[in-house]
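Here's a quick tour of a protein model, written for someone new to reading structures. Keep the 3D view open and click along as you go.

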Amino acid sequence: MKPLKYYFHHLFKKNNGDTSIKTKNIDESFNYLQKQMEENERVFFVRFGDGEFVTLMKRNHRNYKYNEKLDREIEESFNIKDPNYLISCPINYPYDQYIAKSIYTQFSWQQEMIDLIKSKKFDTSFTFENPCIFQCLTVFNPKKLKSFLDIHIRPKTKMFIGSTEKETAEKLYGKIDYYIQIPAKHAYETIDTWWPQVEENYKNVDLVIPSAGSTSNVISLRLWNLGYHKKLIDFGSVVDAVDNKTTRSWIRLQGHKANKLLSVKPKISFNQKITFLLKDIKFYFRNQFI
């Protein structure tokens with residue numbers, strides 16, 4: 001059910017911003033990704049968010065300092081032009097039912113991102129994917145996302161590259177055949193120490209899951225250029241919700257919904273059930289208008 005403000009928005013609000021850059025809504029983007037996964041052997045789903053744009057603007061980020069080499073590789077990733085290299089971009093989200101429910105929203109500094117894209121002459125002739133598909137489906141349609149995981153992710157031989165403990169990541173993604181642990185922060189600064197493990201083993205898996213912040217784009221770029229002809233999916237912060245790490249506001253508000261994605265449901269105490277119920281009630285009413 002859509003909140004009241006969704007209908008108010010479409011009745012009264014006019015979009016006077018720069019609409020030269022277009023991004024799909026959540027359902028369009030997810031359905032397209034699913035279709036690509038079914039029809040193509042090689043699919044990369046690459047997420048660009050605030051961290052990538054902060055780097056491209058040559059600024060420090062909360063999880064890493066500006067690095068010229070990182071900047072260059074992120075830009076190269078954004079410039080890959082191939083229908084199987086799906087680039088998601090956090091600009092001009094359509095006002096769909098998910099954005100109305102306040103799990104994600106436009107960045108207040110969106111125009112700076114648009115200006116950057118134009119100054120670098122990035123290709124904007126196509127419609128970008130939506131980088132928030134996994135977190136939105138986790139909260140509002142976990143059954144649909146669990147089906148995607150059961151079909152396209154959990155049965156595959158896979159490599160996970162991230163700071164989350166292997167046991168926790170396996171709760172979400174299924175058996176991890178090659179686990180490459182990296183620092184939670186400043187991953188790019190240490191890339192020379194862990195990248196050789198990726199290069200040595202990527203040919204042995206059907207799926208790579210990077211969970212390395214902006215360095216995920218570097219992993220995607222390098223594996224693409226190496227000719228990796230299988231799947232790579234960046235799931236963003238969903239694994240943090242499984243790990244009970246409040247790294248994003250959506251996890252603070254509704255992160256407990258990630259439990260519905262898991263094949264083996266965790267034991268939840270009575271007090272936790274009450275806490276989650278109160279969160280759901282508060283979340284429902286605040287989203288009718290706020």
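Which helices each supply at least two residues of the lining of the second largest pocket? The answer is α9 (166-173), α12 (238-242), α13 (249-254) and α14 (270-286). Before you dig in, remember that this is a predicted model. The notes below go through the spaces in the structure, then a surface patch, the salt bridges and a few loop residues.

**The second largest pocket**

- The space in this pocket comes to about 420 Å³.
- Its lining is made up of 24 residues. If you want to find the middle, look for Ala241, Val242, Asn244, Asn259 and Pro266, which lie nearest the pocket's centre.
- The lining is a real mix of characters: 8 of its residues are nonpolar, 9 are polar and 7 are charged.

**The cavity**

- Searching the whole structure for cavities of 30 Å³ or more turns up 1.
- About 50 Å³ of space lies inside the largest cavity.
- To spot the largest cavity, click on the residues that line it: Phe78, Asn79, Ile80, Lys81, Ile87, Asp123, Phe126 and Phe128.
- Sorted by class, that lining has 5 nonpolar residues, 1 polar residue and 2 charged ones.

**A nonpolar patch on the surface**

- Seven names to highlight together are Phe270, Ile274, Leu277, Leu278, Ile281, Tyr284 and Phe285, which make a nonpolar surface patch of about 730 Å².
- Take Ile281 as an example from the patch: you'll find it in helix α14. Ile281 counts as partly exposed, because its relative accessible area is 39%, and partly exposed covers the range between 20% and 50%.
- Helix α14 has already come up, since it also supplies at least two residues to the lining of the second largest pocket.

**Salt bridges**

- First, the basic idea: side chains of opposite charge can pair when their charged atoms come close.
- The count for this model is 13 salt bridges.
- One of them joins the side chains of Glu112 and Arg59, with 2.8 Å from N to O. Glu112 sits in helix α6 (residues 110-119) while Arg59 sits in the loop between α3 (50-56) and α4 (68-78), so this pair ties together parts that are 53 residues apart in sequence. Both partners are partly exposed: Glu112 has 35% relative accessibility, and Arg59 has 40%.
- Another salt bridge brings together the side chains of Lys120 and Glu75, at 3.0 Å from N to O. Here too, distant parts of the chain are linked: Lys120 is in the loop between α6 and α7 (133-140), Glu75 is in helix α4, and they are 45 residues apart. Lys120 is partly exposed at a relative accessible area of 24%, and Glu75 is partly exposed at 23%.
- Asp280 and Lys257 form a salt bridge as well, with their closest N and O atoms 3.8 Å apart. Asp280 lies in helix α14 and Lys257 in the loop between α13 and α14, so the pair connects parts that are 23 residues apart in sequence. Is each partner buried or partly exposed? Asp280 is partly exposed, with 25% relative accessibility, whereas Lys257 counts as buried because its value is 12%, and buried means under 20%.
- Salt bridges can also share partners, and that is how Lys146, Asp150 and Arg154 are joined into one network.

**Loop residues worth a click**

- Asp82 is located in the loop between α4 and β2 (85-88). At 29% relative accessibility, Asp82 counts as partly exposed.
- Now find Phe44 too: 38 residues separate Asp82 and Phe44 along the chain, and their C-alpha atoms are 9.9 Å apart.
- Lys58 is not a glycine, yet it has a positive phi of about 65°. Look for Lys58 in the loop between α3 and α4, where you also met Arg59.
- Asn92 is another residue other than glycine with a positive phi, near 55°. Its place is in the loop between β2 and α5 (97-100). Asn92 counts as buried, because its relative accessibility is 14%.

Note on methods:
Residues are numbered from 1 along each chain as its sequence is written. This is a predicted model: local features need pLDDT of at least 70, side-chain atom pairs count only at pLDDT 80 or more; totals for chains, interfaces and linings use all residues. Side-chain values use heavy atoms; hydrogens and water are left out. On a 1 Å grid over the protein atoms alone, a cavity is a set of points where a 1.4 Å probe fits but cannot get out, and a pocket is an open set with protein on both sides within 12 Å along at least five of seven lines; lining residues have an atom within 4 Å of a point. Grid points are joined across faces, edges and corners, and a volume is the space filled by probe spheres set on the points. Helices (H or I, at least four residues) and strands (E, at least two) are DSSP runs, numbered from the N terminus. Ala, Val, Leu, Ile, Met, Phe, Trp, Tyr, Cys and Pro count as nonpolar, Asp, Glu, Lys and Arg as charged, and the others, Gly among them, as polar. Patches are made of residues with over 30% relative accessible area and no salt bridge: like charges are joined within 9 Å, nonpolar side chains (Val, Leu, Ile, Met, Phe, Trp, Tyr) within 5 Å. Accessible areas come from the Shrake-Rupley method with a 1.4 Å probe; for residues, only the protein chains shown count as cover. A salt bridge is a side-chain nitrogen of Lys or Arg within 4 Å of a carboxyl oxygen of Asp or Glu. Buried means under 20% relative accessible area, exposed over 50%, partly exposed in between (1.4 Å probe, protein chains only).
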